[in-house]
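Thank you for asking me to look over this entry. My comments follow as numbered points, with the model itself shown first.

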Amino acid sequence: MLSACSWADSASCVLDQNGREVDWDELYGHEAAQSAASAEQLGGELADLLAKPGREGFAEDVDFAAQEQEMNRLFEEWSNELDGGYGLREGMESAWQKASEVQFAEDNPFKDEANALQRAQQLILEGRDHEAMLCLEVEVQRNPQSSEGWRLLGQLNAEQDQDDQAIKCLKKGYEADPYNLHSLMALGVSQTNEMESRGALANLRTWLANHEDYAELMEDFPSDSAANLEADARATMELFDRAARINPKDADVYTAAGVVGNLVRDYPAATRALAESVRLRPADHGAWNKLGATLANSGRCQEAITAYHQALSLKPNYTRAWSNLAIAHANLQQNVDACRFYLSALALNPACTHTWDFLRTVSYSLKGDRQELVEGILERNLQKCSRAIEGVVDPSNLPPRRSTLADPVDDVLGSMGVI
């Protein structure tokens, strides 16, 4: 059987959930991202995969109300017929439900690991995040004052699109060491994602207060936050602008400024700040994801896709970036792609149960017979859904992490129109 990837390209050839070979570099290089809506430019078997009916989204004359009514009817019908599956009303967990404590694995295969923190750090480098999280759970249960253990566990939870767990871990890390700057920054970002705006702003200001280069900026800042959230956020943004003037080479300052810019919906300022962050630190997958989210929030979804592709080239198992990529494609009405990438996020982290809700919503907009997909969503059956939507990633066949971008950072940013 002929392969979709040549021998010369075998290093970038990976398999999807159905065993189909796809060329990762062709799909996720930034040039491909710029023309994601044009399958003809991708060529070969991959182009056939991306050009299947439904990729282009709805035609202008489609009756959206009728389509949604029909999909609801199908979901209701299958919900009533399925025996032992997950009912939409009874079985689907709320995306906002939070446990009061950090949840740990009951049967942890790393429970006897002598140096759990060191082992976790090595596993992260190898792209084995789920195993790293298990090691970190051992570390923090064994040593509750391990600020770095809590920080890394929180960071990985955030990258797995589980901000509620991330916040709990990062707060534990802060309690263990209030001067851990990495924990404070990560906590502020996760609280922003969970709409805990006051807490996010307070922790980002504490980051400044505890940083030897910027502590003086907080000397005249009022101890009580402004009554108006927007005024509070803008005052905080001004602090980070001043910090950038003190040290214009500190990528963390620009990252924080971008996060605060998103809080006040000043997306042009947030975009400029995050673009500078990735220029200073091009291999920071998290900063590329934040830049993508900012562009998407401002309605620039095509440019956001390019940013997400950079994040995924650096960290192919980055669940949150896959979810964000799906959202961007859904906003562009490229609904088959959106389903594919939501399912890829679920393949990487089945615990992200809220993603099933997003997938169901996008499935309303698909053309043709989607009965198998409907059934798969109701059962939360990834394999069944992957038969209906081709190209879902196989976590065991991802390419290795890259330490650098495939193209110069200024070329990528220039192609996105952000510099």
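Which side chain of opposite charge is nearest to Glu139, and how far away is that side chain?

1. The coordinates come from a predicted model, and everything below should be read with that in mind. To take the opening question, the nearest side chain of opposite charge to Glu139 is that of Arg142, which is 5.5 Å away. Glu139 is buried and yet has no salt bridge; since a salt bridge is counted when a side-chain nitrogen of Lys or Arg is within 4 Å of a carboxyl oxygen of Asp or Glu, I would draw the attention of readers to this residue. Glu139 is found in helix α6, and, when residues up to four places away in sequence are not counted, Glu139 touches Ala116, Leu117, Ser146 and Gly149.

2. As to the overall make-up, the protein chain has 21 helices and two strands. Of the 419 residues of the chain, 52% count as buried. If one takes the contacts between residues at least 6 apart in sequence, 63% of them join residues at least 24 apart.

3. The pairing of α6 with α7 deserves a paragraph of its own. The axes of helix α6, which covers residues 129-142, and of helix α7, which covers residues 147-159, come within 9 Å and cross at roughly 145°, and the crossing in which α6 passes α7 is left-handed. On the α6 side, the residues that meet α7 are Asp129, Ala132, Met133, Leu136, Glu137, Glu139 and Val140; on the α7 side, Gly149, Trp150, Leu152, Leu153, Leu156, Asn157 and Glu159 meet α6. Sorted by class, this contact has eight nonpolar, two polar and four charged residues. Glu139, the subject of the first point, thus reappears here among the residues of α6 that meet α7.

4. The structure holds 22 salt bridges, and a few of them can be described individually. Glu126, Arg128 and Glu131 are linked in a network of salt bridges. Within this network, the closest N and O atoms of Glu126 and Arg128 are 2.7 Å apart, while those of Glu131 and Arg128 are 2.8 Å apart. Each of these residues is partly exposed: the relative accessible area is 41% for Glu126, 31% for Arg128 and 28% for Glu131.

5. Another salt bridge is formed by Glu379 with Lys384, and here the closest N and O atoms are 3.1 Å apart. Are the two partners buried or partly exposed? Glu379 counts as partly exposed, at 22% relative accessibility, whereas Lys384 is buried, with a relative accessible area of 12%. Because the cut-off for a buried residue is under 20% relative accessible area, Glu379 at 22% is assigned to the partly exposed class.

6. Two residues have backbone values that I would inspect in the model. Most residues other than glycine have a negative phi. Asp161, although not a glycine, has a positive phi of about 70°; Asp161 is found in the loop between α7 and α8, the latter covering residues 163-176, and is buried, with a relative accessible area of 12%. Gln333 is likewise a residue other than glycine with a positive phi, in this case near 60°. The place of Gln333 is in the loop between α16 (319-331) and α17 (335-348), and at 34% relative accessibility Gln333 counts as partly exposed.

7. Asn203 lies in helix α10, which covers residues 197-210, and is buried, with a relative accessible area of 11%. Leaving aside neighbours within four places in sequence, the residues in contact with Asn203 are Leu184, Leu187, Gly188 and Gln191.

8. A last point concerns Arg387, which is found in helix α20, covering residues 382-388. With a relative accessible area of 48%, Arg387 is partly exposed; as residues count as exposed at over 50%, a value of this kind does not reach the exposed class. The C-alpha atoms of Arg387 and Gly376, which are eleven residues apart along the chain, are separated by 9.3 Å.

Key: Residues numbered from 1 in each chain as written. Predicted model: local features only at pLDDT ≥ 70, side-chain atom pairs only at ≥ 80, totals over all residues. Heavy atoms only, no water. Axes fitted to C-alpha atoms, helices over the stretch in contact; angles between N-to-C directions. Helix = DSSP H or I, 4+ residues; strand = E, 2+ residues; numbered from the N terminus. Left-handed = near helix turned anticlockwise from the far one by under 90°. Contact = heavy atoms within 4.5 Å. Nonpolar A, V, L, I, M, F, W, Y, C, P; charged D, E, K, R; others polar. Buried < 20%, exposed > 50% of the residue type's maximum accessible area, 1.4 Å probe, protein only. Lys, Arg positive; Asp, Glu negative; His and termini not counted.
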